[in-house]
Amino acid sequence: MSLPPLRRLKKSNMTKISVFPLAHLDQHMILTLKSGKKLVVSSDSFHCVLTISNTFKCLICEAEFKCYSSKEKHKTTELHKKRLALKPNLEEFPEDLIRQLDAETCYCSICNVVIPTHSLMRHLSGEGHSTELNKAKKRSFNYKPLQ
Ligand SMILES: [Zn+2]
Ligand SMILES: [Zn+2]
């Protein structure tokens, strides 16, 4: 009996993100990407939470919240965190913070929008996205994490 060949360790397909609360920018986060580049996005964008009129919607859990505090509390729950971890940012676009919600839908944390998967490339090359991406980069020069 021959032994099976050693399997190569697979690289993690997750963009490494460290999250810090910020001193001067409430509800925003500094994300440090694998490349060492830093981006600052709002906490809601990071957590895939949209604001639709006066309702907050978590796209990961498909849950809706009428009040700010229950939305904030939701983001700290284990279930939400677990589900968020199951939908990591796509490695193909390391700087763009895209999560795939399902086969037909993606979410852009830079712009805080839902994008049909078939038009993802158009979104990423669009002016709106690159403007938001530049803002997210610039913010990281101006804000320091809370000590
Ligand atoms: Zn959630
Ligand atoms: Zn975008």
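Outside its neighbours within four places in sequence, valine 40 is in contact with His28, Met29, Ile30, Ala136, Arg139, Ser140 and Tyr143, two residues being in contact if their C-beta atoms, placed from the backbone, lie within 7 Å. The model is predicted, so that local features need pLDDT of at least 70 and side-chain atom pairs count only at pLDDT 80 or more, whereas totals for chains, interfaces and linings use all residues. Residues are numbered from 1 along each chain as its sequence is written, and chains are lettered from A and ligands numbered from 1 in the order in which they are written.

The largest nonpolar core (a set of buried Ala, Val, Leu, Ile, Met, Phe, Trp, Tyr and Cys residues joined through C-beta atoms within 7 Å) holds 20 residues, of which Met29, Val40, Val41, Cys108 and Ile110 touch the most other members. At least two residues of this core come from each of β2 (28–32), β3 (38–42), β5 and β8 (105–108); strands (E, at least two residues) and helices (H or I, at least four) are DSSP runs, numbered from the N terminus.

Cysteine 48 lies in the loop between α1 (43–46) and β4 (49–52). This cysteine 48 is buried, because 23 other C-beta atoms lie within 10 Å, the cut-off being 20 or more. Beyond four places in sequence, the contacts of cysteine 48 are Cys58, Leu59, Ile60, Arg99 and Tyr107. Its C-alpha atom is separated by 6.9 Å from that of serine 109, 61 residues apart along the chain.

Strands β4 and β5 (residues 55–58) run antiparallel and are joined by 4 bridges, where pairing requires at least two DSSP bridges. Threonine 51 stands opposite phenylalanine 56 in β5. The hairpin of these strands has 2 residues between them, and serine 53 takes a positive phi near 45°.

How values were computed:
Buried ≥ 20, exposed ≤ 12 C-beta atoms within 10 Å, placed from the backbone.
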